[in-house]
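Here are some questions about how certain labels are justified, with each answer setting a computed value against its criterion.

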Amino acid sequence: GWVALPAARQLLQRIAGGLDVLTYISRYTHGRLAPALGGRTELVQLSPGVDVDRFTPDADGTAVRERYGLDDAPVVVCVSRLVPRKGQDTLVRGWSQVLARHPRARLLLVGGGPLEGSLRRTVESQGLGHSVVLTGGVPSEDLPAHYAAGDVFAMPCRTRRGGLDVEGLGMVFLEAAACGLPVVACTSGG
């Protein structure tokens, strides 16, 4: 997003002039970088990969379901930092509509961050404490089991601040898919 600001763009152009190669993670980021850098360096795609030995359809979410009392309920899981761009607040605000059609459904929000307190207050004020679980931060090695505890992955990320705050790629979408989950995403960035 910084390439949208004139002063930042000039600084990036100066920096890029001294580079052999600048890597980007998606076509989206290439589309933002290339015009701003004006051919001052070579751009090469270097998309991060998913560890398919860890993130696999064979991951077992049973212990996570037991820990949070999810039983055999249908579970929507979102794994990410709790920040405005990721959209967990949208999931919580719309959750009562999901419950109206699927009363046993559960929402599992995995991660910590600055919005955690606000999300917890919203869950309580809307009377959703029985169906929404916020796990807080989870060690990296436990993430595959948390994905596997879900039946579908959803992260309604959004573009913010006039395009300065976007989702560049969204590794969580790829990790969830590698665990065999259907994935719901929004159209922010890459």
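**Labels and their grounds**

From the N terminus on, the protein chain of this predicted model runs through its elements in the order α-β-α-β-α-β-α-β-α-β-α-β-α-β, with seven helices and seven strands.

Q: Why is cysteine 78 called buried?
A: Buried means under 20% relative accessible area, and because cysteine 78 has a relative accessibility of 1%, it counts as buried.

Q: How do you know that cysteine 179 is in no disulfide?
A: A disulfide needs a pair of cysteine sulfur atoms within 2.5 Å, whereas the nearest cysteine sulfur to that of cysteine 179 belongs to cysteine 78 and is 14 Å away. The search of the whole structure finds zero disulfides.

Q: What makes cysteine 179 count as buried or exposed?
A: Its relative accessibility is 8%, and since the label buried applies under 20%, cysteine 179 is therefore counted as buried.

Q: Why is serine 80 called buried, and where is its place?
A: At 10% relative accessibility, set against the cut-off of 20%, serine 80 counts as buried. The place of serine 80 is in the loop between strand S3 (75-79) and helix H4 (88-101).

Q: What is serine 80 in contact with, leaving aside its neighbours within four places in sequence?
A: With heavy atoms within 4.5 Å taken as contact, the residues that serine 80 touches beyond those neighbours are Lys86, Gln88, Val110, Gly111, Gly112 and Met155.

Methods: Residues numbered from 1 in each chain as written. Predicted model: local features only at pLDDT ≥ 70, side-chain atom pairs only at ≥ 80, totals over all residues. Heavy atoms only, no water. Buried < 20%, exposed > 50% of the residue type's maximum accessible area, 1.4 Å probe, protein only. Helix = DSSP H or I, 4+ residues; strand = E, 2+ residues; numbered from the N terminus.
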